[in-house]
Amino acid sequence: MDMKQVLLSFLMLVVMQSACFAATHEWTSPKANLKIIKTILVVDPEVEPGKVQDPFAIQKVQEYIEEIVQKNQFDKTARIRLIRPEEFAKKLNYLAGTDVFELGKTDQKQAGMLMAEHVPNIIDAILYTKIIEMGYGKGTSSGFTMPIQGTKTSYVSGNVNGQNVSGYIQTPKTDYINVPGGPVDIVHGGVFSQMVDIKTFSPIWGRVDIRDRENAPLNKTTPDAMVKRIIASNIENLLEKIKQ
């Protein structure tokens, strides 16, 4: 059963569409009272067509999300609780006294009524994740000059107060290394996160983080690692904002 599709159908939410994220990186509805958020349903991720090269991006991101949710649930001091669709379904069916999703196959009206009655008692909001970039690209690195500080050893000799003296002395010096420019591999990662209020069925918070990084010999990374960091950053930022 596709839990996410059932939820989307019930809540009549607009699925996140492609957009230009250059102007706004984070947004919170001025009407939202984030302090009342206690439990968030974290649904499975979506992928932006054409921008994500990895054919297993969804599976990998699901694993990242599972790690974050499990860490949250193991933290007994966490004030905001994250849950996944499986846990949500169990609680919903328990409160309704029946398998709501099976019932929906034959009686959508009754299933919808049960959801309307019980869903607000289980969660306060739903968090969506959309991977908008994940892969490699090509770029051009400009050349630069790097100064290297060192010392220079010199042999000196001469007459000092009527005596011949000689020896070695060290003086500071600066050498310069020229690093040529040229084609480089660029790692792309981008994640759009959006939270929807369960009572108003409207978005109340969103954050997008798009990163490009040169994959240099001393600065290695992968699209997987970059996207994982962004997802963790988005969720951490959201939880901190709710606590404020």
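In the predicted model, a salt bridge joins the side chains of R81 and E87, with an N to O distance of 2.8 Å. R81 is partly exposed, at a relative accessible area of 33%. R81 also belongs to the surroundings of T39, a residue of strand 2 (residues 39-42). Beyond its neighbours within four places in sequence, T39 is in contact with R81, I83, I122, I123, D124 and A125. The relative accessible area of T39 is 15%; T39 is therefore classed as buried, the limit being 20%.

The salt bridge between R81 and E87 is one of 14 found in a search of the whole structure. Another links K105 to E102, whose closest N and O atoms lie 3.0 Å apart. The two partners fall into separate accessibility classes: K105 is exposed, with a relative accessible area of 60%, whereas E102 is partly exposed at 40%. A further salt bridge is formed by the side chains of R211 and D209, at 2.9 Å from N to O. Here R211 is partly exposed, with a relative accessible area of 27%, while D209 is buried at 12%. In addition, E26, R207 and K241 are connected into one network by salt bridges that share partners.

Two members of that network, E26 and R207, also face each other in the pairing of strands. E26 has R207 in strand 9 as its bridge partner. The strands concerned are strand 1 (residues 26-28) and strand 9 (residues 203-214), which run antiparallel and are joined by three bridges. Strand 9 is also paired with strand 8 (residues 182-197); this pairing is antiparallel as well and comprises 11 bridges. Within it, V196 stands opposite P203 of strand 9. Strands 8 and 9 form a hairpin, with five residues between them.

The loop between strand 8 and strand 9 contains F201. The phi angle of F201 is positive, near 60°, although the residue is not glycine. Most residues other than glycine have a negative phi. With a relative accessibility of 36%, F201 is partly exposed.

E133 is located in strand 5 (residues 125-141). Its relative accessible area is 17%, and E133 therefore counts as buried, a class that ends at 20%. When neighbours within four places in sequence are set aside, the residues in contact with E133 are K51, V52, H188, G189, G190, I210, D212 and V227. H188, G189 and G190 in this list fall within the range of strand 8 (residues 182-197), and I210 and D212 fall within that of strand 9 (residues 203-214).

On the surface, M146, I148 and I177 make up a nonpolar patch, with a combined accessible area of about 230 Å². M146 is part of strand 6 (residues 144-160). This residue is partly exposed, its relative accessibility being 37%. Residues enter a patch only above 30% relative accessible area, so M146 meets that condition at 37%.

Taken as a whole, the protein contains six helices and nine strands. Of its 244 residues, 40% are buried. The accessible surface amounts to about 14600 Å², and carbon and sulfur atoms account for 54% of that area. Contacts between residues at least 6 apart in sequence join residues at least 24 apart in 73% of cases.

The average pLDDT of the protein is 82, and 86% of the residues reach a score of at least 70. Residues 3-24 remain under a pLDDT of 50 throughout; for this segment the model has 43 contacts beyond four places in sequence. Where pLDDT is low, predicted coordinates should not be read in detail. The contacts of residues 3-24 are accordingly reported here as a count.

How values were computed:
Residues numbered from 1 in each chain as written. Predicted model: local features only at pLDDT ≥ 70, side-chain atom pairs only at ≥ 80, totals over all residues. Heavy atoms only, no water. Helix = DSSP H or I, 4+ residues; strand = E, 2+ residues; numbered from the N terminus. Buried < 20%, exposed > 50% of the residue type's maximum accessible area, 1.4 Å probe, protein only. Contact = heavy atoms within 4.5 Å. Areas by Shrake-Rupley, 256 points an atom, 1.4 Å probe, with all protein chains shown as cover. pLDDT = per-residue confidence, 0-100. Salt bridge = Lys/Arg side-chain N within 4 Å of Asp/Glu carboxyl O. Patch = residues over 30% accessible without salt bridge, like charges linked within 9 Å, V, L, I, M, F, W, Y side chains within 5 Å. Pairing = 2+ DSSP bridges.
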